[in-house]
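Student: I would like to learn how to read a model like this one, beginning with the whole chain and ending with single residues. Could you take me through it step by step?

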Amino acid sequence: MPGFLLNRFSQSIVLLVIVSIIGFTVLNFMPGGPLAQFGLDPGMTQKDIERLAEQLGLNRPLWIQYFDWAWRLVQGDWGHSFRDGTPVLAVIGRHLFATLLLMGTSTALAIALGSWIGIRGATHRYSLFDYCATIGAMVALSVPTFWFGLVGIYIFTLKLGWVPAGNMYTIGDGSVLDYLHHLILPSLVLSLVHVAVWSRYMRTATLDALSQDFVKTARAKGLSERRILLKHVVGNALLPMITLAGVQLPSILTGALVTETIFTWPGMGRLFLDSLGYSDYPMVMGLLIFSAILVVLGNLVADILVALVDPRIRLS
């Protein structure tokens, strides 16, 4: 087990380094470079921009800039926002809870609904429910998230008035019920695509488990189908789902970016788009690395959980 953990951890570090190099290089080669926003100021001359670049160390070779930035990053200095000079980590910290709340709620919904739909579809194969679940999954995977968001706002906010159109809470309220009221529609919209993915994977995993010899043996012993399903099939079918949860993290983060923008949710996704539009280079780079760390940690935790649950992987 220690060797397995060390191997996974070293792979995660290498992946983070590669992501940081690619992100740092791409942002530096964007039109205008890191100082693109300052070039839009009519009061800034070319000499002013050159002087600012020298002060920030942006006139040095790119590889030196990268190592300097990476060293400060490791030490906890993620830079300061070009917009107001606030430390990048402080700004990310203010928006982290909103994103984790939205992602956590939508992921829980996707796992619960997707697992139930997948298991029921596998146990009632080729039934009307199975066909409807398959068609629904294909529709959810084909239609973009922003369309579901706009339709949801139109129906449930403008027409029915059941839920708010956006924001995380009502100004002056801030109660738990108010948070939940604002969370309903964004979390449902974000979870739709992932419910489709989970249901398809869970259906396949359940069908595979149902065809195994241990299920035939359990039936030969006279166990009821319900007992076989709950005690033998579901546990084995959930093993690949743990890995899928880690793999789905980038997709959830991407979906959160779109969902937060539509519903004006004050999370990291909306902050990323605002910072990108402002050409706030330190903030964009900080959000990119922080998101990569979240994804890598999520996959690392998923690998560890799979190894703990399945001794075949751990011992291999």
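Tutor: We will go from the overall make-up to a helix pair and then to a few residues, keeping in mind that this is a predicted model.

Student: How many helices and strands are there in the chain?

Tutor: The chain has 14 helices and 0 strands, and its C-alpha atoms fill a box of roughly 85 × 55 × 35 Å along the principal axes. Of its 316 residues, 40% count as buried, while the chain exposes about 17500 Å², of which carbon and sulfur atoms supply 68%. Among contacts with a separation of 6 or more, 72% join residues 24 or more positions apart.

Student: Which residues does the UniProt domain annotation cover?

Tutor: An annotation of this kind may be inferred rather than shown by experiment. Here the unreviewed UniProt entry gives "domain: ABC transmembrane type-1" for residues 96-306; in the model that span is 83% helix and 0% strand, and its end C-alpha atoms lie 27 Å apart.

Student: How should I read the pairing of H12 with H13, and at what angle do their axes cross?

Tutor: The angle is taken between N-to-C directions and runs from 0 to 180 degrees. The axes of H12 (residues 268-278) and H13 (residues 281-309) come within 9 Å and cross at roughly 150 degrees, and H12 passes H13 in a left-handed crossing. On the H12 side the contact is made by Met268, Leu271, Phe272, Ser275 and Leu276, and on the H13 side by Met283, Val284, Leu287, Phe290 and Ser291. By class, this contact has 8 nonpolar, 2 polar and no charged residues.

Student: Why does Thr145 count as buried?

Tutor: The cut-off for buried is under 20% relative accessible area. Thr145 counts as buried because its relative accessibility is 17%. Thr145 lies in helix H7 (residues 145-159) and, leaving aside residues up to four places away in sequence, touches Val189, Val193, Val258, Thr259 and Ile262.

Student: Where do Asn167 and Thr264 lie, and what is there to read in their backbone angles?

Tutor: For each, the sign of phi is the point to look at. Asn167 is placed in the loop between H7 and helix H8 (176-210), and its phi is near 70 degrees, a positive value in a residue other than glycine. Thr264 lies in the loop between helix H11 (249-262) and H12, and its phi, near 45 degrees, is likewise positive in a residue other than glycine. Asn167, at 42% relative accessibility, counts as partly exposed, and Thr264, at 29%, also counts as partly exposed.

Note on methods:
Residues numbered from 1 in each chain as written. Predicted model: local features only at pLDDT ≥ 70, side-chain atom pairs only at ≥ 80, totals over all residues. Heavy atoms only, no water. Helix = DSSP H or I, 4+ residues; strand = E, 2+ residues; numbered from the N terminus. Left-handed = near helix turned anticlockwise from the far one by under 90°. Contact = heavy atoms within 4.5 Å. Nonpolar A, V, L, I, M, F, W, Y, C, P; charged D, E, K, R; others polar. Buried < 20%, exposed > 50% of the residue type's maximum accessible area, 1.4 Å probe, protein only. Areas by Shrake-Rupley, 256 points an atom, 1.4 Å probe, with all protein chains shown as cover.
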